[in-house]
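User: Please take a close look at one part of this model and describe its surroundings in a single connected account. Where the geometry of the backbone is unusual elsewhere, add that at the end.

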Amino acid sequence: MKVLAIGAHPDDVEILCAGTMAKFAKEGHETYICYLCNGDKGSAVHTSEELAKIRRQEAYNSAKVIGAKSIWGGLADGEAVVDVKSRAKAIDVLRQVDPDLVITHSPGDYHSDHLNTRQLVFEATYLASLKLWESDYEPSTKLPFLYYMDTLAGINFEPQEYVDITDTIDTKIEMMLKMESQLGWLKDMHDCDAPEFIRAVAKFRGFQAAVPYAEAFTQQKMYPQGMTKRVLP
Ligand SMILES: [Zn+2]
């Protein structure tokens with residue numbers, strides 16, 4: 001399969017579903033991580049231009065840990081609004097990959113960039129296949145499965161499926177550690193130690209699933225997708 005994870009900011013996929021992406025990669029699937037926004041607001045030290053450049057490199061370094069291809073959306077933070085420009089961007093991302101499975105933010109998320117990313121991706125999964133939507137990329141050839149990843153700290157998220165990430169929790173943390181510019185920012189802004197945060201949430205989801213470490217997901221149900229088989233690893 002081709003598996004595409006789309007997060008709003010560079011570090012969302014790392015925090016919320018990188019263990020599963022690492023698992024897909026390990027199993028030999030083609031993996032792609034799209035960072036829809038450029039993360040250009042998360043610093044008290046750098047200018048937006050400097051920060052976007054730094055975070056693009058960090059995103060590349062993170063995806064590289066599992067051999068995933070990174071796709072840079074380039075929208076400014078706070079500008080992933082649901083409009084035609086952002087919709088066209090999301091459609092192009094879908095068309096570039098033509099994925100079998102897409103993972104993005106949950107409709108129950110509480111950050112506007114995350115919520116808008118979810119809405120844009122949801123729309124794009126269908127629109128990308130329409131030949132009469134013109135863009136530089138060929139229309140996608142299938143309607144991908146669409147899954148939603150956990151929210152930060154699991155707030156307002158009721159899991160439907162779990163993935164055992166016991167064998168990839170360290171890889172997940174290794175990916176997050178590539179987001180060097182964010183480690184200090186998260187600490188200063190939210191008093192959050194990112195690796196500790198990731199381990200604690202994975203441990204909690206692991207308790208729910210009766211394994212040491214897990215990630216949690218829900219599925220967007222859509223006709224005409226087959227609903228009788230498990231798609232996640
Ligand atoms: Zn985010």
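Analyst: Two residues are taken to be in contact if their C-beta atoms, placed from the backbone, lie within 7 Å. The model is a predicted one, and the part chosen here is helix H5, residues 169-177, which contains Met 175.

Met 175 is a convenient place to begin. Setting aside neighbours up to four places away in sequence, its contacts are Glu 14, Ala 18, Ser 62 and Val 65. The cut-off for a buried residue is 20 or more other C-beta atoms within 10 Å; Met 175 has 29 of them and is therefore buried. As a distance across the model, the C-alpha atom of Met 175 is separated by 22 Å from that of His 111, a residue 64 places away along the chain.

The next matter is how H5 packs against other helices. Such a pair is described by the angle between the two axes and the distance between them. Helix H1, residues 12-26, is one partner: the axes of H1 and H5 come within 8 Å and cross at roughly 130 degrees. Oblique covers angles that are neither under 35 degrees, nor over 145, nor from 65 to 115, and H1 and H5 are therefore oblique to each other. Their crossing is right-handed. On the H1 side the contact is made by Glu 14, Ile 15, Ala 18, Gly 19 and Ala 22, and on the H5 side by Ile 169, Thr 171, Lys 172, Met 175 and Met 176. Sorted by class, these residues are six nonpolar, two polar and two charged. Glu 14 and Ala 18, contacts of Met 175 itself, are thus among the H1 residues of this packing.

Helix H7, residues 194-209, is another partner. The axes of H5 and H7 come within 10 Å and cross at roughly 150 degrees. With angles over 145 degrees counted as roughly antiparallel, this makes H5 roughly antiparallel to H7. The crossing of H5 and H7 is also right-handed. Ile 169, Lys 172, Ile 173, Met 176 and Leu 177 of H5 meet Ala 194, Pro 195, Ile 198, Arg 199 and Ala 202 of H7. The contact of H5 with H7 consists of eight nonpolar and two charged residues, with no polar ones. Ile 169, Lys 172 and Met 176 of H5 therefore take part in the contact with H1 as well as in the one with H7.

Between H5 and H7 in numbering comes H6, residues 180-190, whose buried residues are Ser 181, Gln 182 and Trp 185. Viewed down the axis of H6, these fall within an arc of 80 degrees, so they line one face of the helix. Helix H2, residues 48-65, is part of what covers them. Just after H6, Asp 191 has a positive phi of about 50 degrees.

Most residues other than glycine have a negative phi, and most peptide bonds are trans. Exceptions occur elsewhere too. Asp 11, in the loop between strand E1 and H1, has a phi near 135 degrees and is buried, with 27 other C-beta atoms within 10 Å. Ala 153, in the loop between strands E5 and E6, has a positive phi of about 65 degrees; with 13 C-beta neighbours inside 10 Å, Ala 153 counts as partly exposed. The peptide bond from Tyr 223 to Pro 224 is cis, with omega near 5 degrees, and Pro 224 lies in the segment after strand E7.

Note on methods:
Residues numbered from 1 in each chain as written. Predicted model: local features only at pLDDT ≥ 70, side-chain atom pairs only at ≥ 80, totals over all residues. Buried ≥ 20, exposed ≤ 12 C-beta atoms within 10 Å, placed from the backbone. Helix = DSSP H or I, 4+ residues; strand = E, 2+ residues; numbered from the N terminus. Arc of directions from axis to C-beta. Axes fitted to C-alpha atoms, helices over the stretch in contact; angles between N-to-C directions. Left-handed = near helix turned anticlockwise from the far one by under 90°. Nonpolar A, V, L, I, M, F, W, Y, C, P; charged D, E, K, R; others polar.
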